[in-house]
Structure formats: C-alpha cells, structure tokens
Amino acid sequence: DIKLGDLRLAQRHCHDTLEIFNQLADNAGRADTYRNLGVIQTGLKMWKSARSYFVKAISINRRIKNQLGLADCYSSYAGLFVARNRPAHALKYLRLALESYEGLKAHKKIESIRIQIQQIEHSQLSNEATSAVFSNGV
C-alpha cells in the first residue's frame, strides 16, 4: 500500500534515484533529487539533514548554471525556514528565488513567490504590532 505523504517511502525512492543519477553523471538530476530530499527532511523535521541536502542542491545548480533548478532550490530552502519560524531567512531565499524566476520570465512562479513574500511580511508586521501592544502593557 502506497499512501500519499509517506515521506519515508519517498526518501527511499529518492536515494534509489540518486544512485541512478550518480551512475549517469546527471548533475541536474542529482541536484533535483537532493532538493527533494531536503523537502522530505523538512517534512520529517530533520533540520540539519534538510539543510545539508539543500546546500548540496544549490551548489550543484550553481556549478552547472541551472537557473531554474537554482530558483526551485531557493524556494524549497525557504520552506525549511518557514517551518522553523525563521521569517528573515525565509524571505532571503524567497527573494533569491524571485530574482532567478524573474530572469527566466517564469510568470506563474514569480506570482507564487511574491504571494509567499507578502504573507511572511504581513505575518511579521502582525507579530510586531502584537508585541508592541503587549510590551506597552495594554
């Protein structure tokens, strides 16, 4: 039985896929698989390994000059920081993703990233306003 959201099964399949991409010397495939592993590890709350996979994916995509892969990595990496409630880091990587997607004229991705940025910025402003109310004793 395969169940939607079975992250352990997805992780095993990614490792199998990674072996194939290594044998084929397919760097773009390797980078995308590392990104997927980062997303899976984020879902499993395995923060250190998620970060490690994202860093590998970003490094490979930079080396092979894969702009779309790099943009997707930045976007996914931002998800790690959202999950860890680190909005400043999330915004940093979302802005890098936005810049990359703009260079590719990937309009749907651009729109999606802009919405995510606005949501995080709005959330930060709401949190700051709440903090100000409580710090003023109201």
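Colleague: What percentage of the 138 residues in the protein is buried?
Modeller: Bear in mind that this is a predicted model, where local features need pLDDT of at least 70 and side-chain atom pairs count only at pLDDT 80 or more, while totals for chains, interfaces and linings use all residues. Residues are numbered from 1 along each chain as its sequence is written, and side-chain values use heavy atoms, leaving out hydrogens and water. Buried means under 20% relative accessible area, exposed over 50% and partly exposed in between, with a 1.4 Å probe and protein chains only. For the 138 residues here, the buried share is 34%.

Colleague: How many helices and strands does the protein have?
Modeller: Helices (H or I, at least four residues) and strands (E, at least two) are DSSP runs, numbered from the N terminus. From that end the elements go α-α-α-α-α-α. The tally is six helices and zero strands.

Colleague: How far apart are the end C-alpha atoms of helix α1?
Modeller: The expected span is 1.5 Å times one less than the number of residues. For the 18 residues of α1 (residues 7-24), that gives 26 Å. The model agrees, since the end C-alpha atoms are separated by 25 Å.

Colleague: And which residues of α1 are buried?
Modeller: An α-helix has 3.6 residues a turn, so residues three or four places apart point the same way. Part of the cover over the buried residues of α1 comes from α2 (27-43). The buried ones are L9, Q11, C14 and L18.

Colleague: Which residues does T33 touch, not counting those up to four places away in sequence?
Modeller: T33 sits in helix α2 and is buried, at a relative accessible area of 4%. A contact means heavy atoms within 4.5 Å. With sequence neighbours up to four places away set aside, T33 touches C14, T17, L18 and F21.

Colleague: Which residue's backbone oxygen lies 2.8 Å from a polar atom of the T33 side chain?
Modeller: A polar contact is a pair of N or O atoms within 3.5 Å; within protein, one must be able to donate a hydrogen and the other to accept it, and residues adjacent in sequence count only if both atoms are side-chain atoms. At 2.8 Å from the T33 side chain, that oxygen belongs to G29.

Colleague: Is D72 buried or exposed?
Modeller: D72 belongs to helix α4 (residues 67-83). Beyond four places in sequence, D72 touches R35, Y101 and K109. Its relative accessible area is 17%, so D72 is buried.
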